[in-house]
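I opened this model to look up its aromatic contacts, charged pairs and surface patches. My notes follow in the order in which I took them.

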Amino acid sequence: MHTSSTPYTHLLRTYLAPQKGRVALLALLVFASLALALWNPQLIRTFIDSAQERSGLDKLLGAAALFTTLTIVQQLILLVATYISELIGWTATNRLRGDLALHCLKLDLAFHKTHTPGELIERVDGDVNQLARFFSQLVVQLAGNLLLFVGVLVLLWWEGWQIGLAVTLVAVSSIFVIEALRRRMTPRWERFRAAEADLYGFLEERLNGLEDIRASGAVGYTMNRLYHFMRVRWLAMRHVMRLNAWVISLPIWIFGFAYGAAHLASGPLFYSGALTLGSVYLIFYYVNLMEGPLWETLRQVEELQRALASINRIAALFAIQPQIQDGEGVSVPDAPLAVEFDHVSFHYEDDDERVITDLSFQLAPGQVLGLLGRTGSGKSTLSKLLYRFYDPTQGQIRLGDGNGHSFDLRQARRADLRGRIGMVTQEVQIFNTSVRNNLTLFDATISDAQVVDVLEQVGMKPWLDGLADGLETKLGSNSLSAGEAQLLAFARVFLADPGLVILDEASSRLDPATEARVERALNALLQKRTAIIIAHRLSTVQRADAILILEEGRVREYGPRQQLLADSTSRFSQLLQTGLEEVFA
Ligand code: ATP
Ligand code: MG
């Protein structure tokens, strides 16, 4: 989103321009109903004056009929206008919601690490909800009310300059007061919305970790934090409402003055005969007519405050740009990939301590690298670098076809890259949807036969056969065992058919039967693919061609597995003697 102008006009232009026709129609209807509202009292004056002059029942009935008809037409116009404005509001906010969600999805992993899902929901949905009326009616209605105001004033001047002047003075000073309040309200609303986002972010996170919180006895602490967030929100709300109390009482003051002014000005004119009784009625009717729009305007100004506060926050979100950008788009070979780390160093943004230091290794197409290391030594980080969730702070990572053609990861488009790299992470995410969707990740072009075939390959066919609705069975986020989840993750990789597989083995132990199934599936998976396996089990290490042992982000040992195995002084041999499970698990 480019903010060449203010965020407000920019949003309006972006989301209302495609609905130009509707907006124009809405404006037309609002103005038509305004014209009718201004015309109606003229009819009443005719009615009163005709009655006073006793000018015949026909004329009275005619005026009454016309008055009634106009009122009905006015209501009909309002009905249609309301419908159209809702339509405009929903269309605009739905598009905005979509754009915002997409924007958030494109942001770096680092952004999502620092913003909880709850906070993002509040920003994508909560803030946008505040804008529904902003798009649909606020602007048109504010303009309409302003016109009504001006129209009434003009008509009052028409009736007598004294009356016009008196009411105008009251109206103009009230506009200044409203404007002054408006300026003070926006920051208060902004603070309130921020406090709400914090509260919901906190709630979302804690509800997610309910089991852990209960198990660790952190309930008291958590409740304490909840009180804190709720208190901050309450204080922010009170801050808003204190000013709002003045805003709410404003019309009472203003109309006290306006009626007083109208009395003072029209009384003498009536007694001197310059005004008829009908005209005096008309004047009070007009002053009364201003009351509705003034109340409305105040309410709308309050809504506008909220909308503006939300718009500022939405613009701020749009302004965040991903650090990791697509490259010019070199083609990623459609074959097993060669991998090269060339003096790669990396640290996470928020702390300066290096997680990976000067890491170099090479992997030929089709080879398997076994990656070992204690917990926290940087193994998962390495796979995140390959997937370009983060970029190295020094050095480069290259992929190639093994025949001399290679490129820096940063030269490729992320979608191409991620399409050719399959990743099985330590925690497999199972979505709350059908088995099919969980495997294809919502890719409708993959046929059911393909999915079944792949499940067969990873040894999950018996499991599938046991499901009531087959591929359409809904999976819950924790309805699978660790082993099953792992096998489903393998199946996902099979379907994507990548040239490089990164397998971050779950460190939890599997029972022997499941382990055997995982082994078989792994054999199939690694056929004609390059692989980096972050291993926690001996059996997995045994299929590696090369071994790399990481220690605090540095290479402790690197070489062909057979060679390290033959050397009894190598760290690898020692590890095998002690047992991998004991050291690393
Ligand atoms: P394990 O065997 O337990 O999975 P690992 O070798 O995969 O460990 P990493 O997840 O790569 O370890 O973490 C390496 C270091 O980087 C750790 O010290 C960890 O605290 C830190 N780290 C990991 N993720 C982040 C992050 N998003 N922000 C900041 N530091 C992180
Ligand atoms: Mg890890």
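**Entry 1: aromatic pairs.** I am working from a predicted model. I began with F346 and Y348 and found both of them buried. I then searched the whole structure for aromatic pairs and got 13. F346 and Y348 form one of these pairs, with 5.0 Å centre to centre and 80° between the planes, which makes the pair edge-to-face. Planes over 60 degrees apart count as edge-to-face. I also noted that F255, Y259 and F284 form one aromatic cluster.

**Entry 2: salt bridges.** How many salt bridges does the structure hold? I counted 20 salt bridges. I looked up three of them in detail.

The pair I looked up before the others is D127 with R313, where the closest N and O atoms are 3.0 Å apart. D127 lies in helix α5, residues 117–129, and R313 lies in helix α10, residues 277–319, so this salt bridge ties together parts that are 186 residues apart in sequence. Are D127 and R313 buried or exposed? D127 has 1% relative accessibility and therefore counts as buried. R313 is at 13% relative accessibility and also counts as buried, because the cut-off for buried is under 20%.

Next I took R410, which forms a salt bridge with D408, the closest N and O atoms being 3.4 Å apart. Here the partners fall into separate classes: R410 is partly exposed at 30% relative accessibility, whereas D408 is buried with a relative accessible area of 11%.

I then checked D416 and R413, a salt bridge with its closest N and O atoms 3.8 Å apart. D416 counts as partly exposed, at 30% relative accessibility. R413 is partly exposed too, with a relative accessible area of 38%. I also looked for salt bridges that share partners, and found that they join E122, D127, R193, E196, R233 and R313 into one network. D127 and R313, which I had already noted as a salt bridge, are both members of that network.

**Entry 3: surface patches.** Which residues form the negative surface patch? I listed E349, D350, D351, D352, E353 and E552. I placed E349 in the loop between β1 (338–346) and β2 (356–363). E349 has a relative accessible area of 62%, so I recorded this residue as exposed.

I also noted a nonpolar surface patch of about 390 Å², made by I72, L76, L79 and V80. One of its residues, I72, is found in helix α3, which covers residues 57–106.

**Entry 4: D212.** Where does D212 lie? I found D212 in helix α8, residues 210–215. With a relative accessible area of 57%, D212 is exposed, because exposed means over 50%. I also compared its place with that of F431: D212 and F431 are 219 residues apart in sequence, and their C-alpha to C-alpha distance is 21 Å.

How values were computed:
Residues numbered from 1 in each chain as written. Chains lettered and ligands numbered in written order. Predicted model: local features only at pLDDT ≥ 70, side-chain atom pairs only at ≥ 80, totals over all residues. Heavy atoms only, no water. Patch = residues over 30% accessible without salt bridge, like charges linked within 9 Å, V, L, I, M, F, W, Y side chains within 5 Å. Areas by Shrake-Rupley, 256 points an atom, 1.4 Å probe, with all protein chains shown as cover. Salt bridge = Lys/Arg side-chain N within 4 Å of Asp/Glu carboxyl O. Lys, Arg positive; Asp, Glu negative; His and termini not counted. Charge placed at Lys NZ, Arg CZ, Asp CG, Glu CD. Helix = DSSP H or I, 4+ residues; strand = E, 2+ residues; numbered from the N terminus. Buried < 20%, exposed > 50% of the residue type's maximum accessible area, 1.4 Å probe, protein only. Phe/Tyr/Trp six-rings, centres within 6.5 Å; stacked < 30°, edge-to-face > 60°.
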